[in-house]
Amino acid sequence: MRTPSGNKVYAIAAEYPSAAALYEAAKRVRDAGFKRWDVHSPFPIHGMDDAMGLGKSWLSAPVLLGGITGFLTAIALTFGPSTFIYPLIVHGKPTDWRTAPAFFPIMFELTVLCAAFTCFFAMLIMNGLPRWHHPIFNWDRFSRATNDSFFLVIEARDPRFTEQEAVQLLQESGGQHITVVHED
Amino acid sequence: MSERSHVVPTPEGEYFETNRFGGLSMIAAVVAVAGLVLCVVAAFLAPRQFAYSWLFAFAFFFTLCAGCLFWTLVHHAVDAEWSVVVRRQLENIASLLPIMAIFFLPVILFRHHLYEWMTIPYGEDHLLDTKRAYLNFWFFLIRAIIILGFFVAASWFFRRTSVRQDRDGNPRFTLAMRKVAIASIFGFALSLTFGAFDWLMSLNYVWFSTMWGVYIFAGAAGSSMSLLVLVITWLRNNGYLKEIITIEHYHFMGKWMLAFTVFWAYIGFSQYMLIWYSNVPEETEYFILRNTESWNLLSLLLVIGRFFVPFALLLPRATKKIPKRLCMLAGWIIFMQLVDMYVVVLPELHRAGMRLSVVDFLPLLGIGATLVFFYLRVVGRTSLFPVRDPRLAQSLRIIN
């Protein structure tokens, strides 16, 4: 789909006067069966996850893997040298598995470190960040999303997307300034 | 902003009908009387064993009740939203602390069996003599009165103020409780720490650990949150609080259980590692006793059962959102708190290895049944949740 000037359409977006209006609109869009769409507000809105039908994020899976990686790395880094490569008796402590308490802090720290880094970077990747520009910024009203306005954006790549249906849905749910946002 | 915004609490609240549970109350009373009578018999027949068994049961139930007071204090101090609906049950359990204060009397009466330092005369042990300024009976007694006095006064104040707010909904009560709670947190920390020092750590006057108070606190907070889960579920199974408490509140309680599982392990391990690593005889004594003979099995059970098992099982979100599973874990954590207190107290009596005695169960039954009996009286006196708390509406529709 293209705009009259020949640009590819990114999405159809609307502005809402309040968080409550945006919340109700989100429920309607969810029930209409759209998958590729998003809402933007200056602050988090409680219950929006459910209203958008988002479900649980799968971020926890990479974090668990990151944590396990860190844990195994710590085991290798501590027991490797101290038990196998260069066993050294310190303070009369054994060098076999019974010396584990001394290594727990390292295991704990590396588990937390790797889990935290994985969490941070996986979150960036899942959000498609970092990026220089986003098509939604082509709509000048959108700059108020960080200030005092509420937006709902239905993307053109949604399998259910037709211009008519999207505009109608946004109109019925009380959206204002309904706009076709083009790609670059 | 949620699907539950239409839920409006009934202004008259929800009341527990104590007479519906007359049978349970009767059983509790019979078990309590029988248990306490048998305790008296045991106290005459085997005073030494009885003293330790009683202290073990006292420590177990005291930490559970004190933990509930802690959650009430934190609730007010941080102005929490989610815990408004469960707060009355915390207050009810904490209001059993005066009974625990009375149950401290046998510890005083049998002090010579429990605390070796009370029987050793001056001049015999130089190490003890240097500690006499702190470890002497009168100072011990004064501290016990102050500590128990704090717990009794604090639990009484918070429950009474909260119940008074039920009548007129005056938000000034909330503000007053917030101020008192912030001050009481210091009192709570000092009382629980010195209680742990006096009643449990001084079982062996040679040994010392500056982390001991935090260790006891970590177990208390985690197990009392588990107790709250069980009490709330019991009330819900009997048809109360159905409209009030949701899966979201279970999720919150589950998160706290997980947090304090980790915190307990963190403190317990830190204490162990510092002592293990520095290898000072006065400090290692505690762990040598508990990590040898059959006591080692119980210590290992604690490491696995109080940390690894609940940690792994509480980590997925699903566990915290299914009340049945959360209750099974809560019961397990409370059982582990029981084992923890057993490993703290009893090795000082049976130094050669674990020896479970019949007498160990009598104080548990006696104190436990007494507390159940009085809980059933207390819970019916007021609404099951604070009806006119200014934050009740937010708490009802809270989401994680």
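This is a short tour of selections to make in the predicted model, moving from its confidence scores to a helix, a buried glutamine and the cysteines.

Local features here need pLDDT of at least 70 and side-chain atom pairs count only at pLDDT 80 or more, whereas totals for chains, interfaces and linings use all residues. Residues are numbered from 1 along each chain as its sequence is written, chains are lettered from A in the order in which they are written, and side-chain values use heavy atoms, with hydrogens and water left out.

Begin with chain B, which averages a pLDDT (the predictor's confidence in each residue, from 0 to 100) of 91, with 97% of its residues scoring at least 70; the model scores ipTM 0.75 and pTM 0.87.

Next, select residues 247-278 of chain B, helix α11, where helices are DSSP runs of H or I with at least four residues. Its 32 residues should span 46 Å, and the end C-alpha atoms are 46 Å apart, which agrees. B:N279 follows, with a positive phi near 60°.

Now select B:Q89 in helix α3 (residues 84-94) of chain B. B:Q89 counts as buried, at 0% relative accessibility, the cut-off being under 20% relative accessible area, with exposed over 50% and partly exposed in between (1.4 Å probe, protein chains only). A polar atom of its side chain lies 3.2 Å from the backbone oxygen of B:L384.

Finally, select the cysteines: over all chains there are zero disulfides, pairs of cysteine sulfur atoms within 2.5 Å. The sulfur of A:C114 is 13 Å from the closest cysteine sulfur, in A:C119, too far for a bond, and A:C114 is partly exposed at 23%.

Key
Helix = DSSP H or I, 4+ residues; strand = E, 2+ residues; numbered from the N terminus. Expected span 1.5 Å × (residues − 1). Polar contact = N/O pair within 3.5 Å; in protein donor to acceptor, adjacent residues only side chain to side chain.
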